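Me: Could you walk me through this model, one question at a time?

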Amino acid sequence: MKLPVAIAVLVLVLAVHSDAAEESTIEERFANFHTQVKEFTSDLTEKAKTTFEQIHQSEFAVKTRNWFSEQFDKAKQKFEETFKQK
């Protein structure tokens, strides 16, 4: 009866020891967290940059910028005609 109990205790000790060896320390967890945050922010930055470039180059944005430029030029010409210096 003592032998099966000793074997069970030995298996239990080995299981606990192997689990303890796999767990990372707090320092390792913080280092891993730092890496994960860095990867997340760089990925988010790339996605935001790509989105803004797509919006900037979209047909709507280009047409809107052109329209504002035309309106500004028209207003500028009208202003110059109205307040011509003699």
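**Salt bridges, helices and rings**

Reply: Happy to, starting with one pair: E59 and K63 are joined by a salt bridge, their closest N and O atoms lying 2.9 Å apart. A salt bridge here is a side-chain nitrogen of Lys or Arg within 4 Å of a carboxyl oxygen of Asp or Glu. This is a predicted model, where local features need pLDDT of at least 70, side-chain atom pairs count only at pLDDT 80 or more, and totals for chains, interfaces and linings use all residues. Residues are numbered from 1 along each chain as its sequence is written, and side-chain values use heavy atoms, with hydrogens and water left out.

Me: Which helix do E59 and K63 both lie in?

Reply: Helices are DSSP runs of H or I with at least four residues, strands are runs of E with at least two, and numbering starts from the N terminus. E59 and K63 sit four residues apart, about one turn of the helix. The helix that holds both, residues 59-82, is α3.

Me: How far apart, N to O, are the side chains of K47 and D43 in their salt bridge?

Reply: Both residues belong to helix α2 (residues 26-56), and four residues separate them, about one turn of the helix. The side chains of K47 and D43 meet in a salt bridge, and the N to O distance is 3.5 Å.

Me: Does K47 count as buried or exposed?

Reply: Buried means under 20% relative accessible area, exposed over 50%, and partly exposed in between (1.4 Å probe, protein chains only). D43, at 40% relative accessibility, counts as partly exposed. K47 has 52% relative accessibility, so this residue counts as exposed.

Me: What kind of aromatic pair do W67 and F68 form?

Reply: The structure holds two aromatic pairs. Rings of Phe, Tyr and Trp (its six-membered ring) pair if their centres lie within 6.5 Å; planes under 30 degrees apart are stacked, over 60 edge-to-face, and the rest tilted. For W67 and F68 the centres are 5.0 Å apart and the planes meet at 75°, a pair that is edge-to-face.

Me: And why is the pair of F79 and F83 described as it is?

Reply: The ring centres of F79 and F83 are 4.9 Å apart. F79 is exposed at 54% relative accessible area, and F83 is exposed at 55%. Their planes stand at 50°, so the pair is tilted.

Me: How many helices does the protein have?

Reply: From the N terminus on, the elements run α-α-α. There are zero strands, and the number of helices is three.
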